[in-house]
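Here is a friendly walk through this structure, written for someone meeting it afresh. Please keep the 3D view open while you read.

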Amino acid sequence: ATIYGVLLNDPAEITTMGAALHDKPYLAPPQAPVLYIKTANTVNAGDTVPLPAGIDALEIGATLGLVIRRRTPLAANKSAPATLADVAGVLLLADWCVPHASVYRPPVKWRNRDGFLGVGQFIPTADETALTALLGALTLSVQINGVAVQTVSFKHLVRDAATLLRDVSELFSLRGDENSASDVLLLGLQSCAGQPR
C-alpha cells in the first residue's frame, strides 16, 4: 500500500506561504492537491525517531489519514469518483520533516528519512455519516515535553476530506482491501516552510 501526504491543505499554511505562492516557477497557488509519498522506511509504530546527522531540529505535524476500504475507480472517466463511502476509517499519524523552505522540490530528502512517520491508532468508521461526524468533532494536539506546540482541526481545510478524496481520485486510483494493506491519504498538515516544532 502507499501513503500519500498532502501539502497546502491547511489555510494557515497558505497564509504562512503568502506571496511566495506567486513566485517562480508556478506564479500562482496550486489548483490541484500537492502530493508527496511516504515510503515504507518512514513507518514508525512507536520507536524513537533518529535525528539525521548534521540536523539540529525536526518539524512534526499531526494529521489523520483516510484508510481506503476498497479500490476506487479512476474518476477521470467521470463514471464514479471516490467518496467517503470508500474509506474504512482514519489513522492517527505524526509526520516528521527536516525543516526546509521550498515546497517546489521533491521532498524525499526532507520527509522520507527512516522512522519519519509515526503511526498511531486506527479509528474505524461504519459509514460516510460517521466519518464526517468524526472529522468535524476531532481535534489533535501535539505536545513536546508537556507543552502544546500545535493544535489541528479538520473543520476548515482548503479541501475537506470528501473533496480531497475526489480530487486525488481524478489523478489516480486508490487501492484498498479490507483483508490486506490499503492506501492511506493524509488530510494535510503544516508544511516544512514554518518554524521547527
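1. A word on burial comes up front, since several points below lean on it: a residue is called buried when its relative accessible area is under 20%, and exposed when that figure is over 50%. Please also bear in mind that this is a predicted model.

2. Let us start with the sheet. Seven strands make up an open sheet with mixed pairing, in the order β2-β1-β9-β4-β5-β6-β3. Its edges are β2 and β3 (43-44), each of which pairs on one side only. Within the sheet, β5 and β6 run antiparallel and are joined by six bridges; Val-90 has Ile-123 in β6 as its bridge partner.

3. A separate pairing to look at is that of β7 (residues 139-144) and β8 (residues 147-153), which are antiparallel over six bridges. Thr-139 sits opposite Ser-153 in β8. The two strands form a hairpin with two residues between them, and the turn residue Asn-145 has a positive phi of about 50°.

4. Next, helix α3, which lies across β4, β5 and β6 and runs at about 30° to β5. Which of its residues are buried? In α3 (residues 128-137) they are Leu-131, Leu-134 and Leu-135. Viewed down the helix axis, the buried residues of α3 fall within an arc of 95°, so they line one face. That spacing fits a general rule: an α-helix has 3.6 residues a turn, so residues three or four places apart point the same way. The buried residues of α3 pack against β4, β5, β6 (117-124) and α4 (161-169), while the face turned away from them carries the exposed residues Thr-129 and Ala-137. At the start of α3, a side-chain oxygen of Asp-127 comes within 3.2 Å of the backbone nitrogen of Thr-129.

5. Helix α4 lies across β1, β2, β4, β5 and β9, at about 120° to β9. Its buried residues are Ala-161, Leu-164, Leu-165, Asp-167, Val-168 and Ser-169. Their cover includes β1 (3-7), β2 (34-38) and α3. One of these buried residues, Asp-167, meets Arg-159 in a salt bridge, at 2.8 Å from N to O; Arg-159 is buried as well.

6. The salt bridges, five by count, deserve a closer look. Lys-38 pairs with Asp-95, their closest N and O atoms being 2.6 Å apart. Lys-38 belongs to strand β2 and Asp-95 to strand β5, so this pair ties together parts that are 57 residues apart in sequence. Asp-95 also forms a salt bridge with Arg-111, at 3.3 Å between the closest N and O atoms. Here the link runs from β5 to helix α2 (residues 108-111), 16 residues apart. Lys-38, Asp-95 and Arg-111 are thus joined in a network of salt bridges. Is Arg-111 buried or exposed? Arg-111 counts as buried because its relative accessibility is 1%, and Asp-95 is buried at 1% too. Lys-38 is likewise buried.

7. Finally, please visit Arg-69, in the loop between β4 (59-68) and β5 (87-97). This residue counts as buried because its relative accessibility is 17%. The side chain of Arg-69 reaches the backbone oxygen of Val-87 at 2.7 Å, and one of its polar atoms lies 3.4 Å from the backbone oxygen of Ala-85. Among the residues that Arg-69 touches farther along the sequence are Thr-125, Gly-176 and Glu-178.

Key
Residues numbered from 1 in each chain as written. Predicted model: local features only at pLDDT ≥ 70, side-chain atom pairs only at ≥ 80, totals over all residues. Heavy atoms only, no water. Helix = DSSP H or I, 4+ residues; strand = E, 2+ residues; numbered from the N terminus. Buried < 20%, exposed > 50% of the residue type's maximum accessible area, 1.4 Å probe, protein only. Polar contact = N/O pair within 3.5 Å; in protein donor to acceptor, adjacent residues only side chain to side chain. Contact = heavy atoms within 4.5 Å. Arc of directions from axis to C-beta. Pairing = 2+ DSSP bridges. Axes fitted to C-alpha atoms, helices over the stretch in contact; angles between N-to-C directions. Salt bridge = Lys/Arg side-chain N within 4 Å of Asp/Glu carboxyl O.
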